[in-house]
Amino acid sequence: MQDRKISLTGIKPSGTPHVGNFLGMIAPALELAKTYNAYYFIADYHALTTVRDGNEMRRLSYDLTATFLALGMNPDEVVFFRQSDIPEIFELTWILSCFTSKGLLNRAHAYKDSTAKNEAAGNDPDFGVNAGLFNYPVLMAADILLYGSHVVPVGQDQKQHIEITRDIASAVNHAYGEEIFVIPEGVIQETVATIPGLDGRKMSKSYDNVIPIFAPSKQLRQRVMQVVTDSRPMEEPKNPDEDNVYNIFKYFATPEQTQAMREKYLRGGFGYGEVKQELFEVIEARFGEAREKYNKYLADTKYLEAILMEGAKKARYQGSKVMKKARRAVGVRFKREVLVES
Ligand code: ADP
Ligand code: TRP
């Protein structure tokens with residue numbers, strides 16, 4: 001690979017990839033491959049905090065691989081791999097845990113949300129919370145730090161995890177007085193920070209309000225027709241910025257189409273069926289061709305597996321450099337390293 005800075009991001013195989021994932025993370029991450037050495041991985045061990053069906057985990061991991069390929073990722077130019085194929089990640093997670101104050105993890109949003117919900121329901125705060133959920137940010141820090149990543153493109157909701165990673169990396173660097181880890185920067189697309197779902201809340205698989213990127217055309221249309229709109233009379237002018245159809249449309253339409261749509265809302269006198277049809281058409285135009293590629297890739301798991309194995313090889317090579325520094329600093333050595341040196 002060229003001598004450039006590293007951009008890295010991960011996505012959990014915990015649901016069918018949706019338009020929110022595409023705009024908030026996949027598209028910006030693919031764009032960064034033009035200027036950085038790009039690393040993308042499937043965070044399957046992160047998904048294990050919730051996905052408890054091995055076949056489903058495998059299926060969703062292949063689904064993501066096919067999705068990235070269909071959306072234009074060139075596997076020869078980037079490093080695309082599966083987290084679970086990199087054993088060093090788990091070794092590094094332990095090292096980092098020993099430098100992570102428990103209080104920092106107590107304050108992580110996902111954990112805090114769970115305890116707050118339990119408290120509101122009158123349960124023990126940790127009821128149903130597994131230690132994987134609690135330690136999630138440390139595993140994520142290892143994902144980022146192992147390769148010396150400089151930038152990490154993510155959606156707004158991941159901002160805190162990047163800050164935690166920076167804190168942990170600084171703590172280790174400070175403890176040993178040397179730069180073992182690169183301190184990474186989060187890259188958050190402010191304009192598409194949170195894509196709304198069918199019901200106007202953040203599009204998320206947890207809310208079952210998503211528009212899947214590669215749903216078959218008919219299903220895609222059905223989903224779009226389910227976007228929640230208000231029930232005011234057709235004739236009334238409407239504020240486009242408060243409307244869910246418009247707020248998704250604008251990300252797929254040309255500036256001219258967006259302007260025309262705005263004017264339509266401000267004038268009033270249109271039906272929601274009509275604007276939903278337009279929304280369906282712009283999404284279909286964006287993903288229709290890629291969907292055919294996606295279906296082809298998905299049918300060839302041998303090829304997908306080969307891509308992942310090749311990616312893991314490249315990622316481990318890069319990771320071994322940082323691991324060597326980290327092991328030396330903490331005072332452990334692999335036999336292999338001793339043999340090489342003696
Ligand atoms: P979900 O919320 O559906 O569970 P994930 O948490 O797996 O999605 O997110 C994967 C990536 O996609 C993250 O970088 C996240 O910030 C981004 N992302 C997810 N949903 C949205 C959204 N509605 N708008 C923008 N980015 C999103
Ligand atoms: N936590 C991220 C999410 O839920 C996924 C993830 C895991 C990740 N490890 C990462 C993202 C490292 C960026 C870098 O979306």
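Helices are DSSP runs of H or I with at least four residues, numbered from the N terminus. On that basis, helix 1 supplies the largest share of the shell around ligand 1, namely four residues. The model described here is a predicted one.

## Ligand 1

The surroundings of ligand 1 comprise 17 residues, of which His18, Asp157, Ile195, Lys202 and Lys205 come nearest. By class, this shell is made up of seven nonpolar, seven polar and three charged residues. Oxygen atoms of ligand 1 take part in several side-chain contacts, including one at 2.5 Å from an N or O atom of Asp157. A polar side-chain atom of His18 lies 2.7 Å from an oxygen atom of the ligand, and for the side chain of Ser204 the corresponding distance is 2.9 Å. Ligand 1 on its own exposes 540 Å², and the protein buries 93% of that area. The space that ligand 1 takes is the largest pocket.

## Ligand 2

Around ligand 2 there are 14 residues, and those that come nearest are His46, Tyr136, Met140, Asp143 and Gln158. The class composition of this shell is eight nonpolar, four polar and two charged residues. Here the contacts listed involve nitrogen atoms of the ligand: a polar side-chain atom of Tyr136 lies 2.7 Å from one such atom. In the side chain of Asp143, an N or O atom is 2.8 Å from a nitrogen atom of ligand 2, while for Gln158 the distance is 3.0 Å. Of the 360 Å² of accessible area that ligand 2 has on its own, the protein covers 90%.

The space occupied by ligand 2 is likewise recorded as the largest pocket. Strand 1 (6-11), helix 7 (131-145) and strand 4 (151-154) are the elements that each give two or more residues to the shell around this ligand. Helix 7 provides the largest share, with four residues.

## Polar contacts of the two ligands

| Ligand atom | Protein side chain | Distance |
|---|---|---|
| Ligand 1, oxygen | Asp157 | 2.5 Å |
| Ligand 1, oxygen | His18 | 2.7 Å |
| Ligand 1, oxygen | Ser204 | 2.9 Å |
| Ligand 2, nitrogen | Tyr136 | 2.7 Å |
| Ligand 2, nitrogen | Asp143 | 2.8 Å |
| Ligand 2, nitrogen | Gln158 | 3.0 Å |

## Aromatic pairs

The structure contains 16 aromatic pairs. One of them joins Phe22 and Phe287, with ring centres 4.9 Å apart and planes at 85°; the pair is therefore edge-to-face, since planes over 60 degrees apart fall in that class. Phe22 belongs to helix 1 (residues 19-32) and Phe287 to helix 12 (residues 272-298), so the pair ties together parts that are 265 residues apart in sequence. Helix 1 thus appears in two settings: it holds Phe22 of this pair, and it gives four residues to the shell around ligand 1.

Notes: Residues are numbered from 1 along each chain as its sequence is written. Chains are lettered from A and ligands numbered from 1 in the order in which they are written. This is a predicted model: local features need pLDDT of at least 70, side-chain atom pairs count only at pLDDT 80 or more; totals for chains, interfaces and linings use all residues. Side-chain values use heavy atoms; hydrogens and water are left out. A residue is near a molecule or strand if one of its heavy atoms lies within 4 Å of it. A polar contact is a pair of N or O atoms within 3.5 Å; within protein, one must be able to donate a hydrogen and the other to accept it, and residues adjacent in sequence count only if both atoms are side-chain atoms. Accessible areas come from the Shrake-Rupley method with a 1.4 Å probe; for residues, only the protein chains shown count as cover. On a 1 Å grid over the protein atoms alone, a cavity is a set of points where a 1.4 Å probe fits but cannot get out, and a pocket is an open set with protein on both sides within 12 Å along at least five of seven lines; lining residues have an atom within 4 Å of a point. A molecule sits in a cavity or pocket if more than half of its atoms lie within 2 Å of its grid points. Ala, Val, Leu, Ile, Met, Phe, Trp, Tyr, Cys and Pro count as nonpolar, Asp, Glu, Lys and Arg as charged, and the others, Gly among them, as polar. Rings of Phe, Tyr and Trp (its six-membered ring) pair if their centres lie within 6.5 Å; planes under 30 degrees apart count as stacked, over 60 as edge-to-face and the rest as tilted.
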